[in-house]
Amino acid sequence: MRNRFNYRATVVLRIQEVAPNSLGAELGLQAGTELLSVNGRPLEDFLDWEFLTADDAFLLHARLPGGDELEYDIERPEGLPLGVTLEPPRIRRCANHCDFCFVDGNPTGMRQALYIRDDDYRLSFRYGNFATLTNLKPWDEARIVEYRLSPLYVSVHATDPVVRRWLLRNPEAPEIVPQLRRFGDQGIRFHAQVVLIPGVNDGAQLERTLRDLYGLGPIVVSVSVVPVALTEFSKHRLVRSPRADECRAALAAVDQWATHAVAERGHPWCFGADDLYLLAEVPLPLAEWYGDFEQRENGVGAVRYLQTRIAAARAGLADWNGKKIAVTTGTAMAALMPQVVPGLAAATGADFEIVAVENSVFGPSVTTAGLLPGEAIVRALATRRDVDLALLPAESVNDDLRFIDDMEAHALAARLPMDVRFSYDFVDAL
Ligand code: SF4
């Protein structure tokens, strides 16, 4: 019988590494082995591999690097991992052409990976990346439901199909509300975001979007409204950053739905990103407002989350009395740091200084810490012999410890006169 998986493009799933003394090594699996099927089901990617090998007994069909094809009848003690690391997945390319796309905002001459427009529901499930769901094939939809890939993080931007297609520059984009409902009816849940583009999806459109998403009930677990982030290289003819009054208007809509949700559902449901409050010059809500901080990776409640983490870890922090610590960050977070640093100083005894670093690659309008170039950090700290320790944002380097300008972390540390530590939340470094 031909099933839906027969329609998928053939993709080779290969082993990158096998841990020594692991079950995989015992079976003779090795780097370069192609994993062909499990229990007769062809494998496309890490999701198939993880879900289909979740049982303690399964039949694996593989091709060794020498070309031999073998079947392994695997039975393993409960919970024992195979010890197999897969080659990185081929990222799903985006089908959209948003005017505000961060890829268009890159200067030329950067590493190739930064020019890839990814829009990948698998990374949405695994890492909380936002996806638009505009490039899903029928077998992707089937897989999302079969593997229960929930919650997913979805970029909605607008629920009016005309406005959304215009924003995404994709006339083929499916209508998002019926799409979410279809998934929701099969048990999939979503965290949604609206990137706020003044004059396009704010005002009445934002009202409609929040109303439509609220109307989906438990299918949409949370919604964030995030101001668009543009660089010097973005398409400024076509899109601009929101002004303070526009951010305040968006926050008023957020507040209205959040108040409604608290009364009806007991939690706010709808949140403004920290940046939106900053641009609106409005104080952030208290930590309790954010509940489980479900969208903190999206800059929603990040400051309050830090404060909460510091307060909870206070007793376990080291004594840094008499030391000077530089908190190195982008200009957006630097503006919010005065709300965090006094708690840190009280907990550690150190003298903290916030070092706001301007982005020398993308221009000063890019204020996020995650995109800071190594060279700009070096320039800010190279002469600071009065500083004992510099804390750098951990999200500013990739898995290979390289900054956006390709500077390697150890090379950066070698050029600075103080100790350097990467940190997500201060608690991990102090
Ligand atoms: S959805 Fe838009 S912003 Fe995201 S990668 Fe695609 S074109 Fe760029």
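These legends describe the whole chain and one of its sheets in a predicted model. Residues are numbered from 1 along each chain as its sequence is written, and side-chain values use heavy atoms, with hydrogens and water left out. Local features need pLDDT of at least 70 and side-chain atom pairs count only at pLDDT 80 or more, while totals for chains, interfaces and linings use all residues.

**View 1. The whole chain holds 14 helices and 14 strands.** Helices (H or I, at least four residues) and strands (E, at least two) are DSSP runs, numbered from the N terminus. Along the principal axes, the C-alpha atoms fill a box of roughly 65 × 50 × 45 Å. The radius of gyration, taken over C-alpha atoms, is 24 Å, which agrees with the value near 22 Å for a compact globule of 430 residues; the globule rule is 2.2 Å times the number of residues to the power 0.38.

**View 2. Of the 430 residues, 50% count as buried.** Buried means under 20% relative accessible area, with a 1.4 Å probe and protein chains only. Of the contacts (heavy atoms within 4.5 Å) with a separation of 6 or more, 69% are between residues 24 or more positions apart.

**View 3. An open sheet is formed by 4 strands in the order β7-β8-β9-β10.** The pairing is parallel; two strands pair if DSSP finds at least two bridges between them. At the edges lie β7 (152–155) and β10 (270–272), each paired on one side only.

**View 4. Strands β7 and β8 run parallel and are joined by 4 bridges.** Strand β8 covers residues 190–196. Within β8, Gln-193 is the bridge partner of Ser-155.
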